[in-house]
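Please work through the following exercises with the sequence and the coordinates at hand. Each task is followed by a worked solution.

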Amino acid sequence: MLELLPITGFVLAGGRSSRMGRDKALLELDGRTLTEIAIGKLREFCAEVAVAGSREDLSGLARVVPDLRPGLGPAAAVEAGLSASTQPWALFVPVDAPIVPVELLQQWAELVLRTEAKGSYLSVVGQVQPAFILLRKELGARIGEMVGAGELRLLRLWLRLDVMLGPGSLLAVEAETLPCTRGWTSTEVANVFANINTPEDWNSLATRLGQQNQ
Ligand SMILES: Nc1nc2c(ncn2[C@@H]2O[C@H](COP(=O)(O)OP(=O)(O)OP(=O)(O)O)[C@@H](O)[C@H]2O)c(=O)[nH]1
């Protein structure tokens, strides 16, 4: 069994799922919802696991932390999560990226927690994955100010935070450099981050996994 890290792991499970046309958090793969799949991964290495979103319907699965500013997107969920975290670090993963390997998340977190960094984001062949977020809890107030000032796009939030905290404070980790992706092509690495936004994305994932869409 892996050692649990001092992290509250949040599954980002709010949002409108408008492109999908049905609630992405409740889609099922192999008899488990995407929320259950994400929670299961975080439980393997995070000391606490919670759902970020105004989702009382998911409260049977884990502690639910409602958005402080509902309807404003994932940045507002990050604000709420940092404030509610019981651990010194908070990790956020989107519910709609169900095939990201747990080893990748865990190896990323272990690497970051060994550094002095204040936070980290993952990147894949030069592309930032803005919804995979690891931040020290102490950044909650600053993030709250930024979100309160209308900075709701995660990518812009990262850029501003980078400037505000100074060089080296945020660690960009390339997923290709983690031990668990050794020997993978860059396409294979990028593929595991593919998130599910539309029925077409969902069907092609199900086809790829050789499973029946439910
Ligand atoms: N807690 C919370 N999570 C959100 C919110 N908006 C999006 N998310 C989550 O963030 C991740 C990425 O969401 P998107 O696909 O960009 O947005 P979405 O609203 O779910 O879907 P669309 O309506 O199709 O854009 C998913 O895991 C969502 O569940 C929000 O307002 N609150």
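The exercises treat backbone angles, the ligand shell and the nonpolar core.

This is a predicted model, in which local features need pLDDT of at least 70, side-chain atom pairs count only at pLDDT 80 or more, and totals for chains, interfaces and linings use all residues. Residues are numbered from 1 along each chain as its sequence is written.

**Exercise 1.** Locate serine 17 and state whether it is buried, partly exposed or exposed.

Solution. Serine 17 lies in the loop between strand E1 (5-12) and strand E2 (28-29); strands are DSSP runs of E with at least two residues, helices runs of H or I with at least four, numbered from the N terminus. Its phi is positive, about 50 degrees, although it is not a glycine. Most residues other than glycine have a negative phi. Serine 17 has 17 other C-beta atoms within 10 Å and is therefore partly exposed (buried: 20 or more within 10 Å; exposed: 12 or fewer; partly exposed: in between; C-beta atoms are placed from the backbone).

**Exercise 2.** Repeat the analysis for aspartate 30.

Solution. Aspartate 30 is in the loop between E2 and strand E3 (32-33). This non-glycine residue has a positive phi of about 55 degrees. Aspartate 30 counts as exposed because it has 10 C-beta neighbours inside 10 Å.

**Exercise 3.** Identify the residues that come nearest to the ligand.

Solution. Of the 23 residues around the ligand, the nearest are Gly14, Gly15, Gly53, Ala77 and Pro94, where near requires a C-beta atom, placed from the backbone, within 6 Å. Helix H2 (residues 74-84) supplies the largest share of this shell, three residues.
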